Amino acid sequence: MCLAVPGRVESVEESQGLRLARVDFGGVRKQICLETLPDAAPGDWVLVHAGFALQKLDEGAAANALEIFESVDSGESGG
Amino acid sequence: MSLVDAFRDPVAVRELAAAVRARATRPWTLMEVCGGQTHTILESGLDQLLGERVSLLHGPGCPVCVTPLATLDRALALAARPEVVLCSFGDMLRVPGSRGDLLTARARGADVRVVYSPLDAARLAEREPGRRVVFLAVGFETTAPAVAAAARWARTRGLANFHLLVSHVRVPPALEAVLAAPGCRVQAFLAAGHVCTVMGTAEYEPLVRRHRIPIVVTGFEPLDILEGVARAVAQLERGESRVEIQYRRAVRREGNPAARALVHEVFESADRPWRGIGVLPDGGLRLRPAYADLDAERAFPDLTAPAAEEPLACRAADVLRGALRPPACPEFGRTCTPEHPLGAPMVSAEGACAAYFSYRPAAPLEEHA
Amino acid sequence: MSLPYDPERLANPSCPLPEEPDRVTLAHGAGAGASARLFEQLLWPRFENAALAARHDGACLELGAERLALTTDTFVVSPLAFPGGDIGSLAVHGTLNDLAMCGARPLALSCALVLEEGLPFETLERVLDSLAGAARRAGVPVVTGDTKVVERGKGDGLFVNTTGVGRIPAGRELAPRRVRPGDAVLVSGSLGAHGAAVLSAREGLGFESEITSDSAPLTDLVETLLEAVPETRCLRDPTRGGLGAVLHEIAAAAGAELELEEERLPVSGPVRAACELLGLDPLFLACEGRCVAFVPAAASDRALAALRGHPLGGDAVCIGTVNPGRARVVVHTALGARRLLPLPAGEPLPRIC
């Protein structure tokens, strides 16, 4: 469910009472609405669903998945 | 696209799968909630990499599958009216109502249009003041903010010809229903990553406390799902039960406050029937009184839809609860296929039945005990 | 035709839901499952003959000592113009390509137009310029035609039908039934560009990109391939329904399993991005300037070299093999699993789920 794809905000504008962004999805650009994520700014990576930005993506959050078993044993939590 | 490809890396997936197999010392049954996760699992064959002890049940997280028959029938009745433009996400076009689907309605002359965004439907209403535009608003909490934003914009533009046929659903009541069903074997959930991107994780904490089961908020790429499984297995092996976030790049505990505020302004919780499961208390959203004039059911009060009846043979309820694997259904692949679906889990791209039909060459007939 | 499910059961009138459609839907034109059933149930029983039985892109007819290929195609694309072409050039390339898939050298084309009342002359002239230009560049004359006008509201502006006739050199026998287990499956270039280009121009789903249609005449590319590899078994151009639909047809006609290597399927970055955004599968998006070739395994390298040496075949790649066994299409995924490639019921629809 919920197909959401990452894209990079190229520019932001206000038009017809809506905060909008031009987002690049890797060679494909589309106008996306930022009413759901008003503080998104050019350069941000955002997750897009049904023409709206849902969240800023934390590019640094990809850690080595194999560390899961070690990290849990050492008491660190991901939540 | 590096942000996606990294999470499909076959080497990392195989290594992590091996680690999961080694770590599980007892049988564990997990349920992935979201249809998109089911789709990835079956398409990539991830369930075949988990070994003998870890098994996955498929959950009810397919908003298309759980849209009530009555809602579909109302959409069809609206579409049949010459003054109405019925706008919908593409997912809904082939879902069977009592008599045909929206695609066949279009063949009969109904003005049915696919939109990518609910805002496109609202903009259409502004461009065509002589028509009444109705948007079929389905989806989980992931989609509700987009619909809420479109509703608010239509209000500020003073559009009197834009309406919503609302059928939004909420995930937490569905998880309660799965856990409450007799014979439930679910020991941990992989929660829906994009729903939690919006909603955050706070509403899962009471569930974890009450039922003492791990809930790992998981993404949709193969490595995400495997990592979600690994985290859930690690908790189970250690006898822990807490809410954990695997999908760290998108999910924060507080979710997206701006999106939630939009939803809160336009919608409120309501009891809602889930097709195949029944009425779930607080299981959906409805328009608040301040937005009632956008409600298609109020704007078209003389809407008559035929008495909705599900085909007796369709066992969507059991499939959505994880109690029946689709290939074990007697109708699977015989009277029920994507071209002639008996129920929604076969027609939706994310439905468990469609996923099995599409991807498993010859799944053995097994009743999930 | 061996399909993953039994068509007889699907037409079973005792099935409670849903109603069997009593009229044509868009799904019937999408080149996939419903189209196949329309052919099998309505057309084939009325027209049974040997040429049609080959179920190939064009009909191969004996004319004394010679063999002729005859093919026809109707073009209904909307919008009429898209990045990289329009309905005019598409109509020429499409029919020339069907002739090429039979191994035929084109002789002539006909062109029939159905015009909607109110179509601006400016639009019509642009399309005709494009059509005439494409035919001229290919060196194939348009020798006859027809024009009809329909009332406003009864057409998408303009429909074009082209019919082509060509001559098949002696000794050339390209047909799905010649495909054998062990054969290699090649494709001449990247997938889905035409389908993505048309979508990008469609109102509501529109997006900006550098994607342009791959619409092109393949006559010369095919001659190059057949000269280097005369033992080529079968050629097919994946149009509506994309590579996926074509592979299903060939698997059924050849009675063999086709196995694709997921990692080798050529899709450009922008086309992949467009598909991710709209929830579509590039394997089922149309191509209009690509060719799938089935060749004996031993000839695979020679075939790829020939294709890659041609301007239209630079990205040619081997994408899979023919296996013995049930007629179906399977994918060997990047993760090492094997799964079926499903055949969609109808046109690909953008989705949010």
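1. Which residue takes a positive phi in the hairpin of β14(C) and β15(C)? That residue is C:Gly336, with phi near 95°. The hairpin has 5 residues between its strands. Helices (H or I, at least four residues) and strands (E, at least two) are DSSP runs, numbered from the N terminus.

2. A word on the basis. This is a predicted model, in which local features need pLDDT of at least 70 and side-chain atom pairs count only at pLDDT 80 or more, while totals for chains, interfaces and linings use all residues. Residues are numbered from 1 along each chain as its sequence is written, chains are lettered from A and ligands numbered from 1 in the order in which they are written, and side-chain values use heavy atoms, with hydrogens and water left out.

3. The hairpin strands, β14(C) and β15(C), pair in the antiparallel sense over 3 bridges. Two strands count as paired if DSSP finds at least two bridges between them. C:His332 stands opposite C:Arg338 in β15(C). Strand β11 (residues 257-261) of chain C runs parallel to β14(C), joined by 5 bridges. Here C:Glu257 has C:Arg328 as its bridge partner.

4. Is β14(C) enclosed or open? Of the 5 residues of this strand (residues 328-332), 4 are buried, so β14(C) is largely enclosed by the rest of the structure. Buried means under 20% relative accessible area, exposed over 50%, and partly exposed in between (1.4 Å probe, protein chains only).

5. These strands belong to an open sheet of 7 strands in chain C, ordered β10-β12-β8-β13-β11-β14-β15, with mixed pairing. β10 (234-236) and β15 (338-340) stand at the edges with a single partner strand each, so one side of each has no neighbour in the sheet. The twist averages 25° from one strand to the next. Elsewhere in this chain, β8 (residues 184-187) and β13 (residues 317-323) are antiparallel over 4 bridges. C:Leu186 has C:Cys318 as its bridge partner in β13(C).

6. Chain C also has an open sheet of 5 strands, in the order β1-β2-β7-β5-β6, again with mixed pairing. Its edge strands are β1 (59-63) and β6 (142-150), each paired on one side only. The average twist is 20° from one strand to the next. Strands β5 (residues 105-116) and β7 (residues 158-168) run antiparallel, joined by 10 bridges. C:Val114 has C:Phe159 as its bridge partner in β7(C).

7. Helix α5 (residues 121-138) of chain C packs on that sheet. The helix touches β5, β6 and β7 of chain C, where contact means heavy atoms within 4.5 Å. The direction of α5 makes about 175° with that of β5(C). Axes are lines fitted to C-alpha atoms, for helices over the stretch in contact, and angles run from 0 to 180 degrees between N-to-C directions.

8. On the surface, C:Leu42, C:Leu43 and C:Phe47 make a nonpolar patch of about 270 Å². Accessible areas come from the Shrake-Rupley method with a 1.4 Å probe; for residues, only the protein chains shown count as cover. C:Phe47 lies in helix α2 (residues 33-47) of chain C. C:Phe47 is partly exposed, at 48% relative accessible area. Patch residues have over 30% relative accessible area and no salt bridge (a side-chain nitrogen of Lys or Arg within 4 Å of a carboxyl oxygen of Asp or Glu). Like charges are joined within 9 Å, and nonpolar side chains (Val, Leu, Ile, Met, Phe, Trp, Tyr) within 5 Å.

9. Chain A has 1 helix and 5 strands, in the pattern β-β-β-β-β-α along the sequence. Of its 79 residues, 54% are buried.
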